[in-house]
Amino acid sequence: MNLAFRYIIVLSCCFATALSYAQQPKKIRIEYSGFTVKDSLKGENITTFVRSDQAQIHVVHEDIDMWCDKAIYYQDEDFIEAFSDVVVKQGDTINMTSDYVEYSGITKMAFAAGDVVLTEPQSVLTTDTLYFDRTKQEAYYRTTGKVVRDSSGTITSQVGRYYMDTSKYRFLKDVVLVNPEYTLNTNQLDFYSETGHSYMYGPSTIVGDSSKIYCERGFYDTNNDIGYFIKNSKINYNNREIIGDSLFFDRNKNFASATNNIVVTDTINNSIVKGHYAEVFRAKDSVFITKRALAITVQEADSIYIHADTLMITGKPEHRITRAFYNAKMYKSDMSGKADSIHADHKTGLSQLINLDRFSSKEAYAIKRRPILWNLGNQMTGDSIHLISNVEKEELDSLKVFNNAFLISKDTIGDGFNQIKGQRLIGLFENNELHDVDIIKNAEIIFYSRNDEDSLIGINKSKSARINMKFEDGYKIVTLFNQVDGEIYPESQFPENARKFRGFDWREEERPKSVEDLFSDEPPLELPLIKGLDAFVPEEEFFDEALFKRMDSAAEKDKDEINKAERNLPKSTQKIKAKRDADKSQKLPEPLINENKKDN
């Protein structure tokens, strides 16, 4: 073997020895102590340290520093107990104070008790007892803890876990976040202290001075006061309840929006609005809703339904106004209508069916866009229609048709149509049925007169200043007033082309006869896919098998010293090992189990 080869072998061996030595775990080091006490009864390798008047005991292990007034160091187990005014620091980010600490240099596991305060850059955690696993960089308590963060408020829970690498807290059981503006209650809260972002799992509520939010999975940005909620979520404020598959909430702007399967309930005015996209501005007392929007005024006898491309409900609770824009329709069992837009004042009971100026009266299409009402067998059209309801009695009172009023009803037996037209129409209702109609100014009539046996007497075509029609016991009684000009013609002598007034437009096929008919001319609904929030994914228990293996390894590092190791096993290790079986059998809170089984 030549010299060069021998040199390489020696150098390799030296490098391997150095590497092996470098990889050996560092032991706990007492950097400073005032007094050292040896007690033969405790054992040769057990030393007690007591502080001096100048400074506390300073203990170092890797990148952790600890100060205390008294310490007991178990050299064989590389384990230390620290007493009185204990301070533990890890780098520049973690600072912990307590009355008592146990720490193992082998398992890198610490146990703190008595007024424990853990401080990190964004928050302060206080609890009675705390476990700190430096290997996983996690802290854990199960004896009630409190976390304070300036901008977010105070969070308390029975069980908590802090993940130092991600600055994340996981709070479990009776979680309460108290902020000056609101209080949050939930079964589980994942909270990121750097961003102030929080994720709620299980039944959760956020209650403020003027709002209450409920969800079973949600996100809330505690820095900016905005939230996103799914799974059985709802928001209550200003006597309104908003329900939807997905809800967004901005506390600063008093704004909420909802997507898919939305129901907005007005508890004071007994009304409901439905749709698939909505915006609610609390400060302005307004609701904007679209995508198959439907407004329902709930009445004891017969509810009123209004549908349009867009609905807007505005005004204080005592004076709500509903506006329906573009292709608006209304339905109740004895009346229905259509218009370009509908304006309904819930306080006065006035509903206006209106055409917008964008439709010119010269266009043929404008005829079909004229507002229209159907009541039983009567069709009424005009440039605009006002429908007045008795708010207290919850029944129709009267109606007014302005300009180009046109009333059509089909003859009871034949194929003809009774028609009255004029400048204005005023109608009165009795028991929600039209019973008295006045056509005023330039009134004209084509009427099929029949006797008691319903035989046709003739067709009346006349003009007058005013025409009145009464509906009594199934009969129509027609009276003409002032400047009457006309006569009754036998059917055979009345030309077919003269039996309809100019502008005649029978629109029975457009008449909504049910709530479903309000949507009959719309394309199939395609709702947007809501990605939502990720479902809760349970993580490994804090006291997991990896931790127990580390502890078992520390206790059994030398087979010849098993009995000694068990006898001198660190107290924190003994406590944790005793909890191992209990921890394995411990169940998650019931709502979290449900959350895992059923995920929306």
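This passage describes the largest pocket, a buried histidine and the nonpolar cores of a predicted model. Residues are numbered from 1 along each chain as its sequence is written, and side-chain values use heavy atoms, with hydrogens and water left out. Local features need pLDDT of at least 70 and side-chain atom pairs count only at pLDDT 80 or more, whereas totals for chains, interfaces and linings use all residues.

His-307 is placed in strand E24, strands being DSSP runs of at least two E residues, numbered from the N terminus. With a relative accessible area of 1%, His-307 is buried, a term that stands for under 20% relative accessible area with a 1.4 Å probe and protein chains only. The side chain of His-307 makes a polar contact with the side chain of Glu-522 at 2.4 Å, and reaches the backbone oxygen of Ala-293 at 2.6 Å. A polar contact is a pair of N or O atoms within 3.5 Å; within protein, one must be able to donate a hydrogen and the other to accept it, and residues adjacent in sequence count only if both atoms are side-chain atoms.

The largest nonpolar core, a set of buried Ala, Val, Leu, Ile, Met, Phe, Trp, Tyr and Cys residues joined through side-chain atoms within 4.5 Å, has 94 residues, and Leu-311 is among those with the most contacts inside it. Strand E33 (residues 433–450) gives the most to this core, with six residues. Apart from this core lies another, of 11 residues, including Tyr-100 and Val-159. In soluble globular proteins, nonpolar side chains tend to be buried together.

How values were computed. Helix = DSSP H or I, 4+ residues; strand = E, 2+ residues; numbered from the N terminus. Buried < 20%, exposed > 50% of the residue type's maximum accessible area, 1.4 Å probe, protein only.
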